[in-house]
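Me: I should like to learn how to read the features of a protein model. May we go through one together?

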Amino acid sequence: MIKIDKNIPLPSNTPSNGRARLYPWLEMEVNDSFVVFTDDPDKTRRNLATRNRPNGKKFKVLIVEEPNPNDATSPNTPVRCVRVWRTA
């Protein structure tokens, strides 16, 4: 049998469905941006562009080339990635 815990607060970084947020949609102000390094930038761009946006905020999602600081072998070499800007 599974024990039921009561009065355990949700962590502050989780939405109402209990899953942790991967992207900082709620914290972003106009002209803020973030980058996502991924093996499939086309798929990631499509996924991010079609997500529901909180409170009518608007975002622009583009594929760009930027150096990946997480790449230990060539951190200064530009790679295709996805950048998201909050526009309104």
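Reply: Let us begin with one pair of side chains: those of R83 and E66 are joined by a polar contact of 2.7 Å. A polar contact is a pair of N or O atoms within 3.5 Å; within protein, one must be able to donate a hydrogen and the other to accept it, and residues adjacent in sequence count only if both atoms are side-chain atoms. This is a predicted model, in which local features need pLDDT of at least 70 and side-chain atom pairs count only at pLDDT 80 or more, while totals for chains, interfaces and linings use all residues. Residues are numbered from 1 along each chain as its sequence is written, and side-chain values use heavy atoms, with hydrogens and water left out.

Me: With which other side chain does R83 make a polar contact?

Reply: The side chain of S33 is such a partner, at 2.8 Å.

Me: Is R83 buried or exposed?

Reply: Buried means under 20% relative accessible area, exposed over 50%, and partly exposed in between (1.4 Å probe, protein chains only). R83 has a relative accessible area of 15%, so it is classed as buried. Across the protein, 24% of the 88 residues are buried.

Me: Which residues are in contact with R83, leaving aside its neighbours within four places in sequence?

Reply: Contact means heavy atoms within 4.5 Å. Besides S33 and E66, the residues in contact with R83 include F34, V35, K60, V61, L62 and V64.

Me: How many helices and strands are there in the protein?

Reply: Helices (H or I, at least four residues) and strands (E, at least two) are DSSP runs, numbered from the N terminus. The protein has 1 helix and 3 strands, in the order β-α-β-β from the N terminus. R83 belongs to strand β3.

Me: In which sense do the strands β2 and β3 pair?

Reply: Two strands pair if DSSP finds at least two bridges between them. Strand β2 (residues 59–67) pairs with β3 through 9 bridges, in the antiparallel sense; F59 stands opposite R86 there. Strand β1 (residues 33–36) is also antiparallel to β3 (residues 78–86), with 4 bridges, and V35 has R83 as its bridge partner.

Me: Which residues make up the largest nonpolar core?

Reply: A nonpolar core is a set of buried Ala, Val, Leu, Ile, Met, Phe, Trp, Tyr and Cys residues joined through side-chain atoms within 4.5 Å. The largest has 10 residues: Y23, W25, M28, F34, V36, L48, F59, V61, V82 and V84. Strands β1, β2 and β3 are the elements that each give two or more residues to this core.
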